[in-house]
Amino acid sequence: MMIKLKKMRRCSCDELIKAIDAYVTKADDDIERALRRSGFANPKATRKQITELEEELTRILEEDTAFVVNIVNDYDDLRTIYNEAWPEIRDREHLTQRLSRRFEQTFSEIIPDYVDTYIKRTDPELSSLGLTHATTAWIQDWSYELGELMRLTDNRQLENILDEGLRDGLSVQEVSEKISDSGIRDPGYRARRAATTEILRAHNVAQQESFMQSPAVESKMWRHSGWREYSRQNHIDMDGQIVKKDEPFTLVGADGAVYYPMYPMDSMLPAGETINCGCIEQPIVSEDVLGLSLEERQRLQEEAIAELDEDFDRQLDEQNKRLRARSS
Ligand SMILES: [Zn+2]
């Protein structure tokens, strides 16, 4: 009997591992196929980048959970944790820093490659000439903001667990178990969602950058890709909207507010309009410009970048002056 049971258990374990393996591989294949069908560049590499970022984020979040649990376990009662340890837990700058650094590194690695692929779709003979100052600044700012957003989300969850613990009279041990229970903080799910959203956002940022660099691109069209099951009616309604490449689209949000994003998943949009959004842009090119000599197109590309950088630097300068004036 014992032997039989053992055998059965081992057998079903193997089956389960195979099933999980098949499920994960199939899910990944679906992502790759869906990305290709929707018109995203480098679908195979993109899938790999999503998985890598997901793994890194999971690791950071899990290590952070261990850090918090360690602090909590140093105390004997919840009230003292709230009064003495909570400020230290809440302010974990190292979490923001680690997450921000991870995002910044990923964006800095992948966006230049994407720009090159997308610019070639608008003009096969052009290459990316690096990133404009605006995009470089976006990478820094948004990476920091993402780190902060994830820490604040985390804090809300932790605070809820502490509140519940106090309300229900739980012991420190019980609260610490709740915190380390991945079912509550679910680093895997959060990490996958964040990784997918941010890698696809990077595609859209790169696409916009490529349009701005490519002299042949005059306008852009919003394309709803119907990617996965997360279709939003208001994004389906956007399908086919055309604007000049340096002008924003008009998006009526699910909340009824009107937004002016430069591209799908623009970080100025609320999370509700960007998480798992698979929309992308399509360039509208001028055959006249494509008919110019390669030297002429390259010269126009360099000019466009110089002009964009000049505008951005001037605006940044004015902004800094205003800030200085306000603080003095
Ligand atoms: Zn969308």
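Helices and strands here are runs assigned by DSSP, at least four residues long for a helix and at least two for a strand, numbered from the N terminus. Colour the model, which is a predicted one, by these elements: eleven helices and five strands appear in the protein. Of its 328 residues, 31% are buried.

**The largest core**

Select helix H2 (43-73), helix H4 (93-122), helix H5 (133-167) and helix H8 (187-213). Each of these elements gives two or more residues to the largest nonpolar core, which has 40 residues. With nine residues, H4 gives the most. Next, show the side chains of Leu57, Ile111, Tyr114, Val115, Ala195, Ala202 and Ala206, the members that touch the most other members of this core.

Now colour domain 2 (42-216) and domain 3 (219-285) separately. The core lies between these domains because both give residues to it.

**Tyr114**

Centre the view on Tyr114. Which residues is Tyr114 in contact with, leaving aside its neighbours within four places in sequence? They are Ala41, Asn42, Ala202, His203 and Ala206. Two of these names, Ala202 and Ala206, were in the core selection above.

**The second core**

Move to Val72, Ile81, Leu158 and Val175. They are included in a second core of ten residues, separate from the other.

**Helix H6**

Stay with Val175 and select helix H6 (residues 172-180). Its buried residues include Val175, Ser176, Lys178 and Ile179. These residues are on the same side of H6, because they cover an arc of only 155 degrees around the axis.

**The whole chain**

Zoom out to finish. Among contacts between residues at least 6 apart in sequence, 73% join residues at least 24 apart.

Technical notes
Residues numbered from 1 in each chain as written. Predicted model: local features only at pLDDT ≥ 70, side-chain atom pairs only at ≥ 80, totals over all residues. Core = buried A, V, L, I, M, F, W, Y, C linked by C-beta atoms within 7 Å. Buried ≥ 20, exposed ≤ 12 C-beta atoms within 10 Å, placed from the backbone. Domains from an automatic or database assignment. Contact = placed C-beta atoms within 7 Å. Arc of directions from axis to C-beta.
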